[in-house]
Each structure stands twice: as C-alpha cells, then as structure tokens.
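Dear colleague,

Please find below the structure that I am handing over to you, together with its sequence. A summary of the findings follows.

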Amino acid sequence: DDVAPGTTAVQVGTPIGPAQISLLAAVGRDRVQVRPRPRVAVLSAGSELVDISTQPGPGQVVDVNSYALAAAARDAGAEAYRWGVLPAEPRRLSEVLESQLLRSDLVLVAGTLASEGDPVQEALAALGPMHFSQVTMHPGPVQAFGRLGRDAVPVICVPGEPVAALVAFEVFVRPAIRMMLGKRQLFRRTVQAIAAERLLSPLGYRQYLHGQVMRHPDGGYVVEPLGDGDEAMLARMARANCLIVVDEDVTEVAAGGLVTVMPLLLGG
C-alpha cells in the first residue's frame with residue numbers, strides 16, 4: 001500500500017531519518033547506500049595566535065577561527081574536529097598536517113599566509129600541489145585550494161581575519177561540504193530585498209555585507225546593512241542574519257533599490 005512495485009521508495013539525496021527508515025523497513029530494505037557526514041579538520045595558522053584559555057600578550061590575539069569554522073562546519077552537516085593553532089616548528093607542523101590528511105575528508109586552514117617563505121605554505125606545498133589565488137571578492141580576497149597527500153584530500157585555505165574567514169566559508173567551504181553529503185541544494189537560497197539605505201561597493205569586487213533582513217509590511221523583504229564594508233567587526237557579524245551580495249559590476253545601490261540577500265539560517 002505504501003509503494004507500488006517498481007517505484008522508488010526513497011530518492012537519492014534524501015537525508016535518512018526515522019520516517020525514511022520506517023519506509024525502508026516496510027519495503028524490506030535493511031541496508032541502503034548513504035554518504036556519511038564528511039570529517040573536516042579545522043586548523044588555524046599564525047605565530048600571533050594563542051588558544052582561548054591563554055591571556056594574549058603584546059602582539060598576540062586569541063584564535064577565533066578554529067572555534068568559529070568548526071561550528072560552521074558542524075552546522076553545514078560535517079563531523080568537525082578542531083585541532084587549533086598550528087605549531088611553528090617546521091617538522092612538527094608537517095607532522096600535524098600529514099596526520100590531519102590521514103583522518104579527514106577535508107582539511108580547512110585559516111590564516112594570512114605570506115606569498116614567500118611562509119612555513120605553512122611550504123609545508124602544504126611539500127604534500128602536493130596547492131594553488132593560491134586572488135579572488136575578486138570582499139572581504140577575503142586570498143583563497144587557496146589543493147588535493148594533498150596519498151589520498152588527494154581536498155584542502156581549503158581561507159583568510160585569517162575572522163569576518164573574512166566566515167564569509168569565505170559561506171562562499172566556498174559550505175557548498176563543498178554539502179556536495180560531499182550528496183545534497184542537491186549546494187548554496188544557500190537567496191531572496192531579493194529592498195535596501196533600507198544607500199550601499200557602496202568597490203568596482204570589480206563582489207561585496208558581502210552583513211545585514212539584517214526582515215519582512216516588509218507590504219510584502220517581500222527589506223534589508224539594512226550593519227556598519228559599512230570597511231568595518232570588519234565581530235560584534236556586527238554576530239547581530240547579522242544575512243549577507244548582502246553586491247555584484248562586482250555594481251558600485252552603488254540607492255536606498256530603495258533591490259539587492260540580493262543570502263539569509264544565514266542555522267542548519268539551513
């Protein structure tokens with residue numbers, strides 16, 4: 001009565017929960033092929049970084065990214081392992097990276113890596129081809145990708161600045177995790193919203209601004225930016241419920257104009 005002979009009981013890409021298990025049991029399937037949650041290792045790079053339990057000294061800052069990105073990876077559906085701050089000593093650095101490649105389906109490194117002589121960049125290059133690229137987006141223009149180690153594990157590097165790191169995660173890393181999960185909807189759904197105030201954006205760069213989107217009394221949505229694009233504040237980001245996306249060929253959006261908005265829904 002539940003499923004006619006020859007028809008599909010559970011479609012490819014469906015998350016397996018209690019209801020799906022009930023239906024599979026009803027049609028006599030005790031095993032199905034699934035994609036497990038990808039194992040994502042999250043590491044932070046930077047000689048200035050200290051762990052959250054350490055009082056920062058002069059020239060030091062607390063490692064924010066390994067905590068934030070591990071939480072973001074879990075929200076995207078991954079099994080995230082927060083390793084923390086990478087060691088500075090070259091041999092130990094290489095050992096840590098190699099061990100994470102062996103245990104992970106994807107390795108995520110956050111840090112501002114120098115173009116030449118950077119120990120993390122050199123350690124990554126020794127494990128396989130790593131391509132660093134200038135991406136025309138703001139914040140977070142420098143990204144990197146490679147497939148390293150004997151199993152060609154994907155490795156993604158995002159900027160070290162915490163706001164830029166989370167924006168880069170939304171644009172590049174979250175879709176990769178959802179693809180590994182077999183999801184059909186890789187990117188967050190976007191909506192068109194009315195800008196509550198004038199927006200400025202640099203020519204040639206796709207701008208991602210944090211904002212608050214809400215329902216318009218007359219229908220649709222209205223969005224208000226929080227701060228401005230040059231003010232990268234964690235407090236502002238924590239109040240945001242969306243990213244306002246301004247295309248690279250647009251330098252100004254007038255108040256009342258339409259913009260693309262990416263709602264940041266937890267577990268969405």
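I begin with a single loop residue: Gly128 is found in the loop between α4 (119-125) and β6. Helices (H or I, at least four residues) and strands (E, at least two) are DSSP runs, numbered from the N terminus. Gly128 counts as buried, at 18% relative accessibility; buried means under 20% relative accessible area, exposed over 50%, and partly exposed in between (1.4 Å probe, protein chains only). From C-alpha to C-alpha, Gly128 and Pro90 are 16 Å apart in space, and 38 residues separate them in sequence.

As to the basis of these statements, this is a predicted model, in which local features need pLDDT of at least 70 and side-chain atom pairs count only at pLDDT 80 or more, while totals for chains, interfaces and linings use all residues. Residues are numbered from 1 along each chain as its sequence is written, and side-chain values use heavy atoms, with hydrogens and water left out.

A second loop residue, Arg31, lies between α1 (18-26) and β1. Is Arg31 buried or exposed? At 67% relative accessibility, Arg31 counts as exposed. Its C-alpha is 9.7 Å from that of Ile21, and the two are 10 residues apart in sequence.

The open sheet

An open sheet is formed by 6 strands in the order β4-β1-β5-β9-β8-β6, with mixed pairing. Its edge strands are β4 (79-85) and β6 (130-134), each of which pairs on one side only. From one strand to the next the twist averages 15°; axes are lines fitted to C-alpha atoms, for helices over the stretch in contact, and angles run from 0 to 180 degrees between N-to-C directions. Two strands pair if DSSP finds at least two bridges between them. Strand β6 and strand β8 (residues 142-148) pair in the antiparallel sense over 5 bridges, and Gln134 has Val142 in β8 as its bridge partner.

Helices α2 and α3

In helix α2 (residues 65-75), the buried residues are Asn65, Ser66, Leu69, Ala70, Ala72 and Ala73. They lie on the same side of α2, because they cover an arc of only 160° around the axis; the arc is that of the directions from the helix axis to the C-beta atoms. The buried residues of α2 pack against β1 (39-44), β4, β5 (106-110), β9 (153-158) and α5 (162-180). After α2 comes Gly77, which has a positive phi near 115°.

Helix α3 (residues 90-103) contains Val96. Val96 is buried, with a relative accessible area of 2%. Which residues does Val96 contact, leaving aside its neighbours within four places in sequence? Val96 is in contact (heavy atoms within 4.5 Å) with Leu43, Trp83, Leu86 and Pro87. Val96 and Leu43 are 53 residues apart in sequence, and their C-alpha atoms are 9.7 Å apart in space.

Strands β10 to β16

All 5 of the 5 residues of strand β14 (residues 242-246) are buried, so β14 is largely enclosed by the rest of the structure. Cys242, Ile244 and Val246 point one way from β14, whereas Leu243 and Val245 point the other way. In a regular strand the side chains alternate between the two faces of the sheet.

Strand β14 pairs with strand β12 (residues 206-215) in the antiparallel sense over 5 bridges, and Tyr208 stands opposite Val245. Strand β14 also runs antiparallel to strand β16 (residues 258-263), to which 4 bridges join it; here Val245 stands opposite Thr260.

Strands β12 and β13 pair in the antiparallel sense over 5 bridges, with Val223 in β13 as the bridge partner of Val213. Their hairpin has 5 residues between the strands, and Gly219 takes a positive phi near 105° there. Strand β10 (residues 191-195) and strand β13 (residues 221-225) pair in the parallel sense over 2 bridges, and Ile194 stands opposite Val222.

Charges over rings

A charge sits over a ring if NZ of Lys or CZ of Arg is within 6 Å of the ring centre and within 35 degrees of the ring normal. The charged end of Arg82 sits over the ring of Tyr67, 3.9 Å from its centre. Arg103 lies over the face of Tyr81, at 4.3 Å from the ring centre.

With kind regards
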